[in-house]
Amino acid sequence: MADLKAFAEQLVSLTVKEVNELAKILKEEYGIEPAAAAVAIAGPAGPAAAAAEEKTAFDVILKNGGPNKLNVVKVVKELTGLGLKEAKDLVDGAPKPVKEGISKADADALVAKLKEAGAEVEVK
């Protein structure tokens, strides 16, 4: 029983890429169609199934420069490598993306720095 629990924990911790690789192996090596088996076990896919997909790329959107706009411009300049004028234009033109297609950890770090400077931001 402990072996099955450990196995289940390993399955639950797989990334989407790893699940896809596992599905390919099951199909090629054993003739098992994992998608059909999952539907038979779990029922038809719905919004919950779509929400369960692991997102790997995030966009940090500056919604508003806030009351400390100068601090936000400095932080945007530092985080993006833009010149001072370009960073100011980005902040003035909010809502605008600050960085796109970055990891969750990087997005969280950016959001923390921008919020600390007084900006209003969101991650998509």
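Helices here are DSSP runs of H or I with at least four residues, strands are runs of E with at least two, and both are numbered from the N terminus. This is a predicted model, where local features need pLDDT of at least 70, side-chain atom pairs count only at pLDDT 80 or more, and totals for chains, interfaces and linings use all residues. Residues are numbered from 1 along each chain as its sequence is written, and side-chain values use heavy atoms, with hydrogens and water left out.

Let's start with the charges. A search of the whole structure turns up five salt bridges, each being a side-chain nitrogen of Lys or Arg within 4 Å of a carboxyl oxygen of Asp or Glu. Here are some of them:

| Acid | Base | N to O distance |
|---|---|---|
| Glu-120 | Lys-63 | 3.7 Å |
| Asp-92 | Lys-69 | 3.0 Å |
| Asp-89 | Lys-85 | 3.0 Å |

Asp-92 and Lys-69 meet in a salt bridge. Asp-92 belongs to helix α6 (residues 84-92) and Lys-69 to helix α5 (residues 69-80), so this pair ties together parts that are 23 residues apart in sequence. For accessibility, buried means under 20% relative accessible area, exposed over 50%, and partly exposed in between (1.4 Å probe, protein chains only). By that scale Asp-92 is partly exposed at 36%, and Lys-69 is partly exposed at 39%.

Asp-89 and Lys-85 sit four residues apart in helix α6, so about one helical turn separates them. Lys-85 counts as exposed at 57%, while Asp-89 is partly exposed at 39%. Salt bridges that share partners also join Lys-69, Lys-88 and Asp-92 into one network.

Then there's the salt bridge between Lys-63 and Glu-120. This pair links distant parts of the chain, 57 residues apart: Lys-63 is in strand β1 (residues 58-64) and Glu-120 in strand β3 (residues 120-123).

On to the rings. Lys-104 lies over the face of Phe-58, 5.6 Å from the ring centre; the test asks for NZ of Lys or CZ of Arg within 6 Å of the ring centre and within 35 degrees of the ring normal.

Now for the N-terminal end. Phe-7 lies in helix α1 (residues 2-12) and is partly exposed at 46% relative accessible area. Helix α2 (residues 16-30) has 15 residues and reaches 21 Å from its first C-alpha to its last, close to the 21 Å expected at 1.5 Å a residue, where the expected span is 1.5 Å times one less than the number of residues. After α2 comes Gly-31, with a positive phi near 70°.
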